[in-house]
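Visitor: I should be grateful for a close look at a single part of this model. Please take one strand together with its surroundings and describe it in a connected manner.

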Amino acid sequence: MRYGIGVALPRSLRIVRDQRSIAESLSQPTPEPVPHVRETYASPSLLTFLAQSKGAGVTKDVAIQVPAFSRALQVYAHTIAAFELKEYVGRDQIVARAFLVQPAKKTTYAAIMTRTVSDLLLYDEAYWYVTERSWDGFPSSIEYMPYTQITFVPTNPYEPIPINGTLYWNGVQVPESSVIRFDGDGNGGWLTYGSSAISTAAALEQAAFQYAVSPLPQIALKNTGADLPESVVDSLLDAWEEARQNRSTAYLNSTISADTFGWNARDLQLVEGRNASATMIARLCNLDPVWVGAGVSGSSLTYSNRTDLYRQLLDLSLTPVMKMIEERLSMNDVTPRGHEVEFDTASFLKSNPLEMAQIVNTLQPLGVIDINEARNMIDLPDMMNLEEQGPA
């Protein structure tokens with residue numbers, strides 16, 4: 001009996017001690033939750049913008065980070081802005097008004113036209129605010145109105161091109177008579193109907209950026225010991241990432257192991273995917289892939305076909321956009337009746353000097369052009385201007 005009592009007492013004491021420890025553990029604060037997975041890399045750049053802009057097209061902040069799209073926008077905006085505006089009465093060219101040479105007093109013609117073309121392509125609309133008028137009531141100075149600062153409430157929202165309505169610029173109502181609005185093709189702009197192609201290209205750029213930052217496959221640290229709280233896991237992963245930037249060799253203890261998963265660069269095919277995406281951007285923007293730097297097998301750009309490439313760009317891509325601006329500036333509220341405004345594209349299509357010399361040699365003997373016109377075609381000053389200047 002004494003043997004049985006000697007065994008029972010220690011056991012009862014253990015039970016009491018265990019119950020006391022359980023009670024003490026319940027009174028302690030709840031430990032931090034144990035995370036199952038934590039990504040070692042997260043970038044709030046392109047993919048965050050994509051998530052925010054989902055369902056409403058793509059924002060300019062996303063699109064402009066795609067090199068092919070940015071290049072396509074520059075081809076249109078920078079090229080058109082390099083063309084001067086000419087004024088005609090019938091078929092005769094006259095001296096262009098100062099308004100067409102420098103629409104705004106605070107900045108240059110190229111800056112205004114570049115921003116106008118960009119808004120017209122991206123959003124299908126562009127706006128100028130008339131700040132001054134000449135003695136005959138026509139605009140003499142304007143201020144560019146960024147589309148992102150415009151709120152337009154049409155009177156009849158069912159009209160394809162609303163004419164009457166209320167326009168607010170940064171929350172301030174602007175009189176309709178003081179606004180010059182340029183209308184696009186009615187498809188909503190590149191950011192709207194090109195959202196799928198732009199989002200795909202942006203995702204590929206994000207994948208390439210992530211691979212450049214972390215060229216190895218995704219790494220997961222596996223803990224075979226006791227679960228660690230979230231703060232300890234964050235510190236461990238931060239230390240791991242910092243150590244990998246300093247040295248490629250790592251040391252792991254008996255409870256931590258590193259597993260890799262994902263694909264290598266060849267499996268990802270980022271180069272091929274980005275090139276295919278750039279080709280899609282070129283199709284979206286109605287451009288030959290060469291203008292956005294996309295390689296197409298079997299094609300090459302040489303000096304002999306450069307003129308044809310420029311002609312194709314002007315006829316198929318730039319002209320429809322320029323017509324929208326030319327015809328708006330030729331309307332009676334901007335330009336006197338009977339006057340027309342056009343872009344001067346002669347220098348853009350000028351052939352090489354040898355071809356121009358052959359053309360001049362053919363046309364001048366026939367009396368089609370005079371000596372001054374011939375000299376102008378080959379970029380030489382007029383004889384009359386040389387005579388007025390006199391000997392040096």
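**Strand β3 and its surroundings**

Guide: D124 is buried, with a relative accessible area of 11%, a value that falls under the 20% limit for that class. The model is a predicted one. D124 lies in the loop that links α6 (109–123) to β3, and the residue adopts a positive phi of about 75° although it is not a glycine.

Strand β3 itself covers residues 125–133, and five bridges connect it to strand β8 (residues 179–183) in an antiparallel arrangement. Within this pairing, A126 stands opposite F182 of β8. Strand β3 also pairs with strand β4 (residues 139–145), again in the antiparallel sense, over six bridges. Here V130 has I142 in β4 as its bridge partner. As a general point on such elements, the side chains of a regular strand alternate between the two faces of the sheet.

The hairpin formed by β3 and β4 has five residues between the strands, and G137 in this hairpin takes a positive phi near 95°.

For the backbone at D124, a further case may be set beside it. N286 likewise is not a glycine and has a positive phi of about 60°. N286 belongs to the loop between α11 (270–284) and α12 (306–329). With a relative accessible area of 43%, N286 is partly exposed, whereas D124 is buried at 11%.

Conventions:
Residues are numbered from 1 along each chain as its sequence is written. This is a predicted model: local features need pLDDT of at least 70, side-chain atom pairs count only at pLDDT 80 or more; totals for chains, interfaces and linings use all residues. Side-chain values use heavy atoms; hydrogens and water are left out. Two strands pair if DSSP finds at least two bridges between them. Helices (H or I, at least four residues) and strands (E, at least two) are DSSP runs, numbered from the N terminus. Buried means under 20% relative accessible area, exposed over 50%, partly exposed in between (1.4 Å probe, protein chains only).
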